[in-house]
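Q: I'd like to learn how to read a structure like this one. Can you walk me through it?

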Amino acid sequence: MAAQPTIDTQRLDAVLGAFEPGDGSALIEALHDVQSEFKYLPEEALDRLADRLGVSKSRVYGVASFYEGFHLEPRGEHICTVCMGTACHVRGAPRLLEHLEREIGIASGQTSEDLTFTLEEVACVGACALGPLVIIDGKYHGNTTTSHLTKVVGKLKKD
Ligand code: FES
């Protein structure tokens, strides 16, 4: 698991400044905004968000951990998501996942120490005709192969 990096408080101030002090009804929207700024929900940001909106820290952490879309741990600059739904699974998704684990050097569900990559699995994303499917930084790589993934990941490593 990657350590929590220091966050840029000016960026955090800018995000939190958009919300009225004491407006607890904006909690989910504020969590979304913090996550889109930092790619995850840093502890310091959650504490300050609780103060800003006048909501208890336990409520903020409760909501943040309830929804799957929120991430409490740092995420990599590049997010590689392998679809492990049935259609992708039977077309070789496990082999692609193992390949990415070797290429990136982390296990599924982990983020690299240098915060370059996060590798994760997802259940069917509804694009089964494209299987096996890997999503890298939001781009769908359908009917993909290990050699294609090597190229894509290699390019990201160089950038
Ligand atoms: S199983 Fe992968 S998109 Fe449906």
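Q: Which hand does the crossing of α2 and α4 have?
A: This is a predicted model, so keep that in mind as we go. In it, α2 and α4 make a right-handed crossing.

Q: What do people use to describe two packed helices?
A: Two packed helices are described by the angle between their axes and by the distance between those axes. Here, helix α2 covers residues 27-38 and helix α4 covers residues 57-66. Their axes come within 11 Å and cross at roughly 65°. Angles of 65 to 115 degrees count as roughly perpendicular, so that is how α2 and α4 sit relative to each other.

Q: Which residues make the contact?
A: On the α2 side, look for L27, I28 and L31. On the α4 side, the partners are R59, V60, V63 and A64. Sorted by type, the residues of this contact come out as six nonpolar, one charged and no polar.

Q: Let's stay in α2. Is D33 buried or exposed?
A: Neither label fits. Buried means under 20% relative accessible area and exposed means over 50%, so D33 of helix α2, at 30%, counts as partly exposed.

Q: What does D33 touch, leaving out residues up to four places away in sequence?
A: With those set aside, D33 touches V15 and F19. You can also compare places in the sequence with places in space: D33 and A18 are 15 residues apart in sequence, and their C-alpha atoms are 9.6 Å apart.

Q: Now a strand. Where is H141 found, and is H141 buried or exposed?
A: H141 lies in strand β4, residues 139-141. Its relative accessible area is 7%, and the cut-off for buried is under 20%, so H141 is buried.

Q: Which residues is H141 in contact with, leaving aside neighbours within four places in sequence?
A: The list is P132, L133, V134, I136, H148 and V152. Take a look at H148: its side chain makes a polar contact with the side chain of H141, at 2.8 Å.

Q: Let's zoom out. How many helices and strands are in the chain?
A: There are seven helices and four strands. Reading from the N terminus, the order is α-α-α-α-β-α-α-β-β-β-α. The C-alpha trace spans about 50 × 30 × 20 Å along its principal axes.

Q: What share of the chain is buried?
A: Of the 159 residues, 40% are buried. As for contacts between residues at least 6 apart in sequence, 64% join residues at least 24 apart.

How values were computed:
Residues numbered from 1 in each chain as written. Predicted model: local features only at pLDDT ≥ 70, side-chain atom pairs only at ≥ 80, totals over all residues. Heavy atoms only, no water. Axes fitted to C-alpha atoms, helices over the stretch in contact; angles between N-to-C directions. Helix = DSSP H or I, 4+ residues; strand = E, 2+ residues; numbered from the N terminus. Parallel < 35°, antiparallel > 145°, perpendicular 65-115°, else oblique. Left-handed = near helix turned anticlockwise from the far one by under 90°. Contact = heavy atoms within 4.5 Å. Nonpolar A, V, L, I, M, F, W, Y, C, P; charged D, E, K, R; others polar. Buried < 20%, exposed > 50% of the residue type's maximum accessible area, 1.4 Å probe, protein only. Polar contact = N/O pair within 3.5 Å; in protein donor to acceptor, adjacent residues only side chain to side chain.
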